[in-house]
Amino acid sequence: FKVWADVPMGPPDPIFGITEAYKKDGDVKKMNLGAGTYRDDAGKPYVLPSVRQAETELLSQKLDKEYAPITGIPSFRVQATKLAYGDVYESIKDRLVSAQSISGTGALCIAANFLASFYPSKTIYVSDPTWGNHKNVFSRAGLTVKSYKYYDPATRGLDIKGMLSDLTSAPDGSIILLHACAHNPTGVDPTKAQWDDILKTMQKKNHFALLDMAYQGFASGDFARDAYATRLFASSNVPMLLCQSFAKNMGLYGERAGCFSILANDAEEAARIESQTKILIRALYSNPPVNGARIANHILSNPALREQWAGEVVGMSERLKSMRKALRNILEKDLKNKHSWKHITDQIGMFCYTGLNPQQVDVLAKQYHIYLTKNGRISISGLNTSNVRYFAEAINAVTS
Ligand SMILES: Cc1[nH+]cc(COP(=O)(O)O)c(CN[C@@H](CCC(=O)O)C(=O)O)c1O
């Protein structure tokens with residue numbers, strides 16, 4: 001039959017496609033600096049001991065396999081939103097609608113579809129650059145995706161003036177995507193003072209804040225520090241919603257545990273919003289998987305296990321910071337590379353926006369078997385004490 005004759009071949013995913021190319025490479029020195037997934041110093045995936053402990057304890061409870069509610073496991077939603085909103089939670093909980101989501105992407109998908117159905121503007125402004133999948137999720141839900149200035153190639157830092165001017169020139173009441181912490185792909189985060197300025201512009205323009213917080217705790221090691229923007233916006237009564245992921249800070253990548261939450265003006269409005277969120281989720285996938293959310297809830301609601309988890313998150317964050325320092329030191333002190341690499345340690349979280357251009361990225365892949373995305377982003381977690389020098393030497397070779 002001819003029914004699929006016109007289906008075109010799509011391009012490989014810009015991020016997951018890198019891992020596919022890496023896996024095909026047989027060279028022993030190969031390095032995967034593509035996907036933002038944590039690796040330990042041996043370059044291996046890291047299942048947090050607190051997660052293993054939670055799994056063991058959950059197994060002994062012999063839980064059933066019944067459907068979760070459409071909006072997910074209630075205690076997970078409470079624990080996840082308490083982690084995000086912290087000391088603001090008590091003052092907003094009666095008008096906060098939350099739904100367990102299929103990780104961060106699933107929360108973004110609920111957000112995009114809810115906004116496309118109910119929010120007056122159908123245009124979302126995302127940072128330039130932003131995570132490769134944001135545009136896919138938002139445009140597939142029917143939103144028009146535009147961008148605001150964010151990254152300044154000259155300083156390899158934040159173009160705050162450009163960002164505020166673009167937010168100001170966007171039509172009033174536009175949807176603005178904001179990375180709450182650990183910006184992807186640049187690793188460049190606003191300072192607290194800059195967040196205060198961003199908030200003022202958002203209030204002046206009556207913009208809607210879509211906060212994507214996929215790395216809480218993972219960026220600085222401090223959950224409150226990384227949730228500064230989330231808690232600032234939630235306590236300033238700016239119309240907002242939040243997308244959370246436990247993929248990175250709990251290592252629950254494949255368990256798909258996340259949370260969508262949106263602020264209403266009062267409990268009555270929250271009830272209406274929740275009813276529409278349930279109708280939307282029911283049509284998307286009916287109800288979420290229970291395993292990942294059970295693990296996350298178990299950790300968050302057991303003080304000793306939560307404490308252990310917090311320590312493990314600091315450990316991951318510290319290892320990435322030490323790799324940033326090592327890479328910069330080797331480039332500047334050992335190899336005396338003529339460029340400045342200060343941005344490697346100024347940037348924060350999973351990624352570093354190196355400034356390497358697509359041609360240099362190509363040479364790294366073809367000649368050095370080092371894989372990173374075309375935009376020069378590296379996942380710092382792909383670096384470890386045994387390969388960081390090799391990577392620095394390769395950067396030195398292509399930038400000298
Ligand atoms: C900003 C951001 N938001 C949402 C997500 C979604 O994560 P999840 O909870 O798994 O749905 C990711 C993961 N992005 C890294 C992981 C691989 C991916 O692209 O997905 C990445 O950019 O490498 C983000 O970086």
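**Exercise 1. Map the shell around the ligand in this predicted model: how many residues surround the ligand, and which are closest?**

Step 1. Count the neighbours, taking a residue as near if one of its heavy atoms lies within 4 Å. That gives 18 residues around the ligand.

Step 2. Pick out the closest ones: G36, S103, T105, N184 and S245.

Step 3. Sort the shell by character. You get 8 nonpolar, 6 polar and 4 charged residues.

Step 4. Ask which element gives the most to this shell. It's helix α5, residues 103-118, with 3 residues.

**Exercise 2. Find polar atom pairs between ligand and protein, then work out how much of the ligand the protein buries.**

Step 1. Start with the ligand's oxygen atoms. One lies 2.7 Å from a backbone N or O atom of G104. For N184, the side chain does the job: one of its N or O atoms is 2.7 Å from an oxygen atom of the ligand.

Step 2. Move on to nitrogen. A ligand nitrogen atom sits 2.7 Å from an N or O atom in the side chain of D212.

Step 3. Check these distances against the cut-off for a polar contact, 3.5 Å.

Step 4. Now the surface. On its own the ligand exposes 530 Å², and 94% of that is buried by the protein.

Step 5. Place the ligand among the pockets: the space it takes is the largest pocket.

**Exercise 3. Take the aromatic pair of Y38 and F218, classify its geometry and say why it ties together parts distant in sequence.**

Step 1. Search the whole structure; 13 aromatic pairs turn up.

Step 2. Look at Y38 and F218. Their ring centres are 6.2 Å apart and the planes make an angle of 85 degrees. Planes over 60 degrees apart count as edge-to-face, and that's the class of this pair.

Step 3. Locate the partners. Y38 is in the loop between β1 (31-32) and α2 (49-60), while F218 is in the loop between β8 (208-213) and α9 (223-226), so the pair links parts 180 residues apart in sequence.

**Exercise 4. Where do the cis peptide bonds at P129 and P185 fall, and what is the sign of phi at K62?**

Step 1. D128 and P129 are joined by a cis bond with omega about 5 degrees. P129 belongs to the loop between β3 (123-128) and α6 (132-140).

Step 2. From N184 to P185 the bond is also cis, omega being near 20 degrees. Here the loop runs between β7 (175-179) and α8 (192-205). N184 is also one of the residues closest to the ligand.

Step 3. For K62, phi is near 45 degrees, a positive value in a non-glycine residue. K62 lies in the loop between α2 and α3 (74-85).

Definitions and conventions: Residues numbered from 1 in each chain as written. Predicted model: local features only at pLDDT ≥ 70, side-chain atom pairs only at ≥ 80, totals over all residues. Heavy atoms only, no water. Polar contact = N/O pair within 3.5 Å; in protein donor to acceptor, adjacent residues only side chain to side chain. Areas by Shrake-Rupley, 256 points an atom, 1.4 Å probe, with all protein chains shown as cover. 1 Å grid on protein atoms, 1.4 Å probe; cavity = no way out; pocket = protein on both sides within 12 Å on 5 of 7 lines; lining within 4 Å. Sits in = over half its atoms within 2 Å of the grid points. Helix = DSSP H or I, 4+ residues; strand = E, 2+ residues; numbered from the N terminus. Nonpolar A, V, L, I, M, F, W, Y, C, P; charged D, E, K, R; others polar. Phe/Tyr/Trp six-rings, centres within 6.5 Å; stacked < 30°, edge-to-face > 60°.
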